[in-house]
Amino acid sequence: MAAAALGTRLHRFRTAPSVLALLWYLSLGPLVIAVSIVLGIWRELPWMLWAEVPVGGIIGIVAVAFLAWSCSSFLDLHERGVVVGRSLLGGAPREMLFTEIHPASLRVFSSIDDIRPFRGTSRMISSDWNLAPGADLAVTFVGPDRRTGLGPIPRPPQPGRGIVIFSTPQAQVLAEQLRRGLEAAGCPAHLARWSQQFGVQKIRGIGGRTHAQIPGMHVDWHP
């Protein structure tokens, strides 16, 4: 059903972390081990020379797994729609036709990593967002409710539960391809390209305070 409705896949976009975020996550495990060794020698606590090695190893494995999970996100551009998902622990991908995307919601943002809220001492990534740590550019738009599947009747765009946030260094290219797809699906050109006037918008602030800047992030959004 999905293959017939969406047509041939034309291109795959992927998320990518920043260099600094990549180095930070990869260094967490070795950093814990190194600090433990230094403290063990300084405080003359021999147990710290070996007890923290497995702890550092576990932290390193978790950090690498998190990187792999967040960077496994993809957005497939098809002839008549898109598929958004993760190839690692992502569940069923979201499939939507161009006719199910709200053209006025399409935006390109920079500093998109700043939308991540703090939980305790760490920055969290929602499983509903397709972000890589430290990402800069992203495309956002409103599609149908993520809890619904592709069917014979087009679904209406649903603010809140239909928001798509996809970070990629090729965000501007992706946005242009989406506008072309909207036009090809019958959306008038002046509506499909209306959001082009905003260019690349910079996220202001950090965490939950930034969410109102993204069209369709809240359920009460309307253009």
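This is a short walk through one predicted model, from the overall make-up to a central strand, two spaces and a few salt bridges.

Okay, thanks everyone. Keep in mind throughout that what you have on screen is a predicted model. Let me start with the overall picture. The chain has 223 residues, and 46% of them count as buried. On the secondary structure side, we get 5 helices and 10 strands. And if you take contacts between residues at least 6 apart in sequence, 69% of them join residues at least 24 apart.

Now, the strand I'd like you to find is S3, residues 81-86. How many of its residues are buried? The count is 6 of 6. Let's split them by direction. Gly-81, Val-83 and Gly-85 point one way, while Val-82, Val-84 and Arg-86 point the other way, and all of them are buried. As a reminder, side chains in a regular strand alternate between the two faces of the sheet. What I like here is that Arg-86 is on the list of buried residues along with the valines and glycines.

So who are the neighbours of S3? On one hand there's strand S2, residues 73-78, which runs antiparallel to S3 and is joined to it by 5 bridges. If you want a landmark for that pairing, look at Phe-74, which stands opposite Gly-85. The connection from S2 to S3 is a hairpin that goes through 2 residues. S3 also pairs with strand S4, residues 94-97, again in the antiparallel sense, this time over 4 bridges. The landmark there is Val-84, whose bridge partner in S4 is Arg-94.

Hold on to Arg-94, as we'll meet that residue twice more. Let's go to the empty spaces. First, the second largest pocket, with about 240 Å³ of space. Which strand or helix gives the most to its lining? That's S3 again, with 3 residues. The lining has 14 residues in total, and the ones nearest the centre are Arg-86, Gly-90, Arg-94, Ser-127 and Asp-128. So Arg-86, which we just saw as a buried residue of S3, is also one of the residues nearest the centre of this pocket. By class, the lining is mixed: 6 nonpolar, 4 polar and 4 charged residues.

Then there's the closed space. Searching the whole structure for cavities of 30 Å³ or more turns up 1, and the space in the largest cavity is about 30 Å³. What lines it? From S4 territory you get Arg-94, Glu-95 and Met-96, and then Pro-144, Asp-145, Arg-146, Thr-148 and Arg-155. The class breakdown for that lining is 5 charged, 2 nonpolar and 1 polar. So Arg-94 lines this cavity as well as the pocket.

Asp-145 from that lining gives us a way into the salt bridges, and the structure holds 10 of them. Asp-145 meets Arg-161, side chain to side chain, at 3.0 Å, N to O. Both sit in the loop between strand S8 (138-142) and strand S9 (163-167), so the pair ties together parts that are 16 residues apart in sequence. Buried or exposed, then? Asp-145 counts as buried because its relative accessibility is 12%. Arg-161, at 35%, counts as partly exposed.

Compare that with Asp-113 and Arg-116, whose side chains meet in a salt bridge at 2.8 Å, N to O. Here both partners are covered. Asp-113 has 12% relative accessibility, so it counts as buried, and Arg-116 has 4%, so that residue counts as buried too.

One more salt bridge: Glu-183 to Arg-193, at 2.7 Å, N to O. Glu-183 is in helix H4 (residues 171-184) and Arg-193 is in the loop between helix H5 (189-192) and strand S10 (200-202), so this one ties together parts 10 residues apart in sequence. Glu-183, at 28%, counts as partly exposed, and Arg-193, at 24%, is partly exposed as well. The pair also belongs to a network of salt bridges that links Glu-176, Arg-180, Glu-183 and Arg-193.

Last stop, Ser-110, in strand S5, residues 107-110. Its relative accessibility is 13%, so it counts as buried. Leaving out residues up to four places away in sequence, Ser-110 touches Asp-136, Leu-137, Val-200, Gln-201, Lys-202 and Ile-203.

That's my tour. Over to you.

Definitions and conventions. Residues numbered from 1 in each chain as written. Predicted model: local features only at pLDDT ≥ 70, side-chain atom pairs only at ≥ 80, totals over all residues. Heavy atoms only, no water. Buried < 20%, exposed > 50% of the residue type's maximum accessible area, 1.4 Å probe, protein only. Pairing = 2+ DSSP bridges. 1 Å grid on protein atoms, 1.4 Å probe; cavity = no way out; pocket = protein on both sides within 12 Å on 5 of 7 lines; lining within 4 Å. Points joined across faces, edges and corners; volume = space filled by probe spheres on them. Nonpolar A, V, L, I, M, F, W, Y, C, P; charged D, E, K, R; others polar. Salt bridge = Lys/Arg side-chain N within 4 Å of Asp/Glu carboxyl O. Contact = heavy atoms within 4.5 Å.
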